[in-house]
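Here are my notes on the model you sent round, set out as numbered points. Please read them with the coordinates open.

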Protein chains: 2
Amino acid sequence: MIRYTPAETVQRSGFSLDTLRYYERIGLLEHVDRTTGGRRVFSDDDLGWLGLLRCLRDTGMPINVMCRFAELTRQGDETVADRVELLEQHSVAVEAQLELLLRQHGHLREKIAHYRAILAPDVC
Amino acid sequence: MIRYTPAETVQRSGFSLDTLRYYERIGLLEHVDRTTGGRRVFSDDDLGWLGLLRCLRDTGMPINVMCRFAELTRQGDETVADRVELLEQHSVAVEAQLELLLRQHGHLREKIAHYRAILAPDVC
DNA sequence: CTGACACCTGGAGTGCGCTCCAGGTCAACT
DNA sequence: AGTTGACCTGGAGCGCACTCCAGGTGTCAG
């Protein structure tokens, strides 16, 4: 069973140490192990969970929804259907976000092309 | 020359009235016309500019960068090259954002599939 | 053993992008 | 003329997601 120091976990998860502590405080991260001296020791499971949190954050899920998801996870197997529903809803939101981003990226490209035409009107 | 009331502009731009006022205050929106009574009157040009602002906001450009862009625009034609550069840089950032979002959406779909497999392990 | 540095806690502070409020004014309708 | 509702200003407040700080403790290389 591989265990990670806080510094290693920062490295691997991409979250800052402060953020990891914050997540623990608000219940996004539960019963992280400690050394006798009180330092955190993260497990592979913790890293996996952090990977999921990163995915949800990167796709714009608000913290309070992630907390609800964490709460469901803590309640065990009978909440799997609820979790699927939550993730499914989020997935729809992400698809909308992707579509908007793609569309606006198109507008941006058009605008750039327009400016370029002004810069070099006779170059085809 | 078509002119729009604040309410119409809210409708068409998708920005709230408070946001329009805020944008004017910080210099993102300049010399909006007024009635003799002091009410704002937006022009087609204003609407076009707001459309560009919306594109930039939707693609995650920070306000202060938009202000820089607005400032360049105010300075006239000799800043077109600078504006192209700014937009080009932003476009690269948007592409990175799209890539990340797509990748994480993939992870999300995998996670959902994984949960579904737990829910109905014998259904293929 | 000592020094350096990583890490701990609770709580305050920050930056962003709005959003709301109080106290008024203007304009259109009846 | 009166009423209603959209709009005005300056400034304060808010929600989010961290981030920083002070003051203290653990760990480990040399």
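**Notes on the predicted model**

1. Chain A contains five helices and three strands, and what follows should be read with the reservation that this is a predicted model. Taken in sequence order, the elements of chain A run β-α-α-β-β-α-α-α.

2. On the sheet, the three strands form an open arrangement in the order β1-β3-β2 of chain A, and their pairing is antiparallel. The edges are formed by β1 (3-4) and β2 (33-34) of chain A, each of which pairs on one side only.

3. The pairing between β1(A) and β3 of chain A, the latter covering residues 40-43, is antiparallel and rests on two bridges. Within β3(A), the residue that stands opposite A:Y4 is A:F42.

4. As to overall dimensions, the radius of gyration of chain A is 21 Å, whereas a compact globule of 124 residues would have one near 14 Å. The C-alpha trace of chain A spans about 75 × 35 × 25 Å along its principal axes.

5. On burial and contacts, 36% of the 124 residues in chain A are buried. Of the contacts in chain A with a separation of 6 or more, 50% are between residues 24 or more positions apart.

6. Turning to the surface, chain A exposes about 7,400 Å², of which carbon and sulfur atoms supply 52%. Chain A carries 16 positive and 19 negative charges, and the mean positions of these two sets lie 9 Å apart.

Note on methods: Residues are numbered from 1 along each chain as its sequence is written. Chains are lettered from A and ligands numbered from 1 in the order in which they are written. This is a predicted model: local features need pLDDT of at least 70, side-chain atom pairs count only at pLDDT 80 or more; totals for chains, interfaces and linings use all residues. Side-chain values use heavy atoms; hydrogens and water are left out. Helices (H or I, at least four residues) and strands (E, at least two) are DSSP runs, numbered from the N terminus. The radius of gyration is taken over C-alpha atoms; the globule rule is 2.2 Å times the number of residues to the power 0.38. Buried means under 20% relative accessible area, exposed over 50%, partly exposed in between (1.4 Å probe, protein chains only). Contact means heavy atoms within 4.5 Å. Accessible areas come from the Shrake-Rupley method with a 1.4 Å probe; for residues, only the protein chains shown count as cover. Lys and Arg count as positive and Asp and Glu as negative; His and the chain ends are not counted. The place of a charge is taken as NZ of Lys, CZ of Arg, CG of Asp or CD of Glu. Two strands pair if DSSP finds at least two bridges between them.
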